[in-house]
Amino acid sequence: MKRRIGVVTHVLSLVVAAMLLGAPTYAEATTIQSGTIPNNYTVNAGAWALYTENGLRTFVQHINFSAVFATAPTVIVSISGLDSATTPTSVRLGVEALNVTPSGFDLRYGTWADSVVYGATVSWVAYSP
């Protein structure tokens, strides 16, 4: 029991020393935010054109972070829902984060050729070490 208390005391001493010297703790060192964004032709009537025409079509939406990061974070986006026509066309959809700043980013949806995309839900994670 005495040895365990000594180890805990030593670890606490290191943590306190690190804090006094200004070294970040794990919680301070990594900031993470996430969200899910649904978009479709009814939510964004007139702007969502990924279900019309042929060729390259895009939709861009700005996303604001709930808290501003100290520096521009890394943002990962993924498709988590899709509403599309599959007959007689193929499904083609890409999503990406553009113009990332400490306060937000632009989420770009894109399709091409004869794909018909009525709606898509995107999940995102932003983190800054």
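## Briefing: two sheets, one core and a nonpolar surface patch

I32 counts as exposed, because its relative accessibility of 57% lies above the 50% that marks an exposed residue. This description rests on a predicted model. The chain has 2 helices and 6 strands, and their order from the N terminus on is α-α-β-β-β-β-β-β. Of the 129 residues in the chain, 26% count as buried. The points below treat the sheets, the core, the surface patch, the salt bridges and two residues with a positive phi.

**The sheet β1-β6-β3**

- Three strands form an open sheet in the order β1-β6-β3, and their pairing is antiparallel.
- The edges of this sheet are β1 (31–40) and β3 (74–85); each has a single partner strand, so one side of each is left without a neighbour in the sheet.
- On average, neighbouring strands here are turned by 10 degrees against each other, with direction ignored.
- β3 and β6 (residues 116–128) run antiparallel and are joined by 11 bridges.
- Within this pairing, I79 has V122 of β6 as its bridge partner.
- As general background, the strands of a sheet pair through backbone hydrogen bonds, and the pairing is either parallel or antiparallel.

**The sheet β2-β5-β4**

- A further open sheet of 3 strands follows the order β2-β5-β4, again with antiparallel pairing.
- Its edge strands are β2 and β4; each of them has a single partner strand, so one side of each lacks a neighbour in the sheet.
- Neighbouring strands of this sheet are turned by 20 degrees against each other on average, direction ignored.
- A hairpin of 2 residues leads from β4 to β5.
- These strands, β4 and β5, run antiparallel and share 6 bridges.
- Two bridge partners can be followed in the structure: A97 is matched with L107 of β5, and V95 is matched with Y109 of β5.

**The nonpolar core**

- The largest nonpolar core holds 18 residues, of which F105, L107, Y109 and W124 touch the most other members.
- At least two residues of this core come from each of β2 (57–64), β3, β5 and β6.
- β6 gives the largest share, namely 5 residues.
- L107 and Y109 therefore appear in two roles: they are among the core residues that touch the most other members, and they are the bridge partners of A97 and V95, a bridge being the kind of contact by which strands are paired.
- In general, nonpolar side chains tend to be buried together in soluble globular proteins.

**The nonpolar surface patch**

- I32, I76, V125 and Y127 make a nonpolar patch of about 350 Å² on the surface.
- I32, the exposed residue named at the start, lies in strand β1.

**Salt bridges**

- The structure contains 2 salt bridges.
- One is formed by the side chains of R92 and D114, with an N to O distance of 3.0 Å.
- This pair links distant parts of the chain, 22 residues apart: R92 lies in the loop between β3 and β4 (94–101), and D114 lies in the loop between β5 (104–111) and β6.
- R92 counts as partly exposed because its relative accessibility is 21%, and D114 counts as partly exposed at 32%.
- R108 and E96 also form a salt bridge, in which the closest N and O atoms are 3.2 Å apart.
- Here too the pair links distant parts of the chain, with R108 in strand β5 and E96 in strand β4, 12 residues apart.
- E96 is partly exposed, as its relative accessible area is 32%.
- The general principle is that side chains of opposite charge can pair when their charged atoms come close.

**Residues with a positive phi**

- N99 is not a glycine, yet it has a positive phi of about 50 degrees.
- N99 is placed in strand β4 and counts as exposed because its relative accessibility is 56%.
- A113 likewise is not a glycine and has a positive phi, of about 55 degrees.
- A113 is found in the loop between β5 and β6, and its relative accessible area of 32% makes it partly exposed.

Conventions:
Residues are numbered from 1 along each chain as its sequence is written. This is a predicted model: local features need pLDDT of at least 70, side-chain atom pairs count only at pLDDT 80 or more; totals for chains, interfaces and linings use all residues. Side-chain values use heavy atoms; hydrogens and water are left out. Helices (H or I, at least four residues) and strands (E, at least two) are DSSP runs, numbered from the N terminus. Axes are lines fitted to C-alpha atoms, for helices over the stretch in contact, and angles run from 0 to 180 degrees between N-to-C directions. Patches are made of residues with over 30% relative accessible area and no salt bridge: like charges are joined within 9 Å, nonpolar side chains (Val, Leu, Ile, Met, Phe, Trp, Tyr) within 5 Å. Accessible areas come from the Shrake-Rupley method with a 1.4 Å probe; for residues, only the protein chains shown count as cover. A salt bridge is a side-chain nitrogen of Lys or Arg within 4 Å of a carboxyl oxygen of Asp or Glu. Buried means under 20% relative accessible area, exposed over 50%, partly exposed in between (1.4 Å probe, protein chains only). A nonpolar core is a set of buried Ala, Val, Leu, Ile, Met, Phe, Trp, Tyr and Cys residues joined through side-chain atoms within 4.5 Å.
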